[in-house]
Amino acid sequence: RCENLVEVYFQLQQQVMEARTELGPELLPRLLERFNEVLSSLVKSSFLVEKQPPQVLKTQTKFQASVRFLLGPRLLKAAPKPYMVRADMVTEKQARELELSNYSNTLSESTGEILHNMVALETNPTSGTCCANFKNVLLKKIKRCERKGSESVTEEKCAVLFSTNVTLTPSNVSIHLQVLSLPIVVIVHGNQDNNAKATVLWDNAFSDIERVPFVVAERVPWDKMCETLNLKFKAEVQTTNGLLKEHYFFLAQKIFNDHSASPEDFQSRHVSWAQFNKEILPGRGFTFWQWFDGVLDLTKRCLKSYWSDRLIMGFISKQYVCKLLSMEPDGTFLLRFSDSEIGGVTIAYVIRGKDGSSQVENIQPFSAKDLSIRSLGDRIRDLGQLRNLYPNTPKDQAFGSHYNSEWEGMD
């Protein structure tokens, strides 16, 4: 479509030049100047990031990216040698200034040192594309900005600016091309990864398409948050079975620290960035996101098949588990994600005494490390006190396909 617009442009320009005598010396220059403005705008909008850099980027780690010039095959045919594209790190402030100038300003200073940041813009005759592929880029170091209030380094957003100067044929117009990557959070240590992912998730989910870089809302409707958590869960775990209404209710109680509201009450509420990943959950040493991300990691690594088979209730409070199981037969059990530990799954089961009294016990949570040693299915088979998965499915029927056959007959 871009190429079609360019062809229309050159046809109109040719018609104007053919009619230059009739147009006169005053109108012709104005029309030609306007044509150049239109061409410049069209060309600049066709310079795109094809492969985004990682949005959580660790220093001293290689990464890849690519940019594509949609009109390159048409407008750079006669270039004597390939043009070079440069990649630079820019701060949020610099990105904002570039956006407000409509990318007419050039970058004065890079905010980080990138190695191997100059790549040729090459046309591939077979595919008909014009791209610069950054295959071996490394962010050596980053200059941090002054932060506002309690803002941490993992809340600081920057971007990669890709830029080049090209001369178009046949018009011989020189144009400076610039395009920004998606927002990036730079980390220097792996323990910052979790909080950096929270910043990226919030920005990707709740920012407007047309915005000043990289402004995003501080508070969002709870139903939008539910949609985001569901999409994130399904994408990370690689499952088609997402979160259910009862899961959202439990998550709302956790993030709002409110156990008296109804599911309908939560629908009208807004959740803040602070509630998502700054405020520590009551009685815990971690935030809501840190806990949820631990569940994602555990499920992705060890529990995908169990979750996809709907064998894990997962998002349910210990108090509600007691209410569910207290009236059930001896040995009825269910699986829930641990509240007290990040990335743990626990088994709750009911013990019924001879007098009819019931007691609900919770087995110490299993971590990903535990489940890599012995699977969840085999652990459930090991535990003789577990009989029926809530509400009434015999455990061998529910988990039989998850038992490891090589353990058959072993003590």
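Lys143 lies in the loop that runs between strand E7 (129-142) and strand E8, and this residue makes a convenient place to enter the structure, which is a predicted model. With a relative accessibility of 43%, Lys143 falls between the limit of under 20% for buried residues and that of over 50% for exposed ones, so Lys143 counts as partly exposed. In sequence Lys143 and Gly112 are 31 residues apart, yet in space their C-alpha atoms are 5.6 Å apart. Leaving aside residues up to four places away in sequence, Lys143 touches Glu109, Ser110, Thr111 and Gly112, together with Glu156.

From this loop one can step back along E7 to its pairing partner. Strands E6 and E7 pair in the antiparallel sense over 3 bridges, and within this pairing Thr123 has Cys130 of E7 as its bridge partner. The hairpin formed by E6 and E7 has 4 residues between the strands, and in this hairpin Gly128 takes a positive phi near 70 degrees. Strand E6 (residues 118-124) also pairs with E4, again in the antiparallel sense, and here the pairing extends over 4 bridges; in this case Met84 has Ala120 of E6 as its bridge partner.

Strand E4 leads on to helix H4 (residues 92-100), whose buried residues are Gln94, Ala95 and Leu98. Seen down the axis of H4, these buried residues fall within an arc of 100 degrees, and they therefore line one face of the helix. What do the buried residues of H4 pack against? Their neighbours are strand E4 (83-91), strand E8 (158-167) and strand E9 (174-180), so named here as the strands against which the buried residues of H4 pack. On the other side of H4, by contrast, Lys93 and Leu100 are exposed. Just after the helix, Asn102 takes a positive phi of about 60 degrees.Further along the chain, helix H5 (residues 193-206) and helix H6 (residues 222-237) pack at an angle of about 120 degrees, and their axes are 11 Å apart. The crossing in which H5 passes H6 is right-handed. On the side of H5 the contact is made by Leu201, Trp202, Ala205 and Phe206, while H6 contributes Lys224, Met225, Thr228 and Lys232. Sorted by class, the contact of H5 with H6 has 5 nonpolar residues, 1 polar residue and 2 charged residues.

A further part of the model is an open sheet formed by 5 strands in the order E15-E14-E13-E16-E17, in which the pairing is mixed. Strand E15 (358-362) and strand E17 (393-394) stand at the edges, and because each has a single partner strand, one side of each is left without a neighbour in the sheet. Within the sheet, strand E13 (residues 332-337) and strand E14 (residues 345-352) run antiparallel and are joined by 5 bridges, with Leu335 having Ile347 of E14 as its bridge partner. Helix H10 (residues 288-308) packs on this sheet, where it touches E13 and E14, and the direction of H10 makes about 135 degrees with that of E13. Helix H11 (residues 318-325), in turn, lies across E13, E14 and E15, and runs at about 165 degrees to E13.

Conventions
Residues numbered from 1 in each chain as written. Predicted model: local features only at pLDDT ≥ 70, side-chain atom pairs only at ≥ 80, totals over all residues. Heavy atoms only, no water. Axes fitted to C-alpha atoms, helices over the stretch in contact; angles between N-to-C directions. Helix = DSSP H or I, 4+ residues; strand = E, 2+ residues; numbered from the N terminus. Left-handed = near helix turned anticlockwise from the far one by under 90°. Contact = heavy atoms within 4.5 Å. Nonpolar A, V, L, I, M, F, W, Y, C, P; charged D, E, K, R; others polar. Buried < 20%, exposed > 50% of the residue type's maximum accessible area, 1.4 Å probe, protein only. Arc of directions from axis to C-beta. Pairing = 2+ DSSP bridges.
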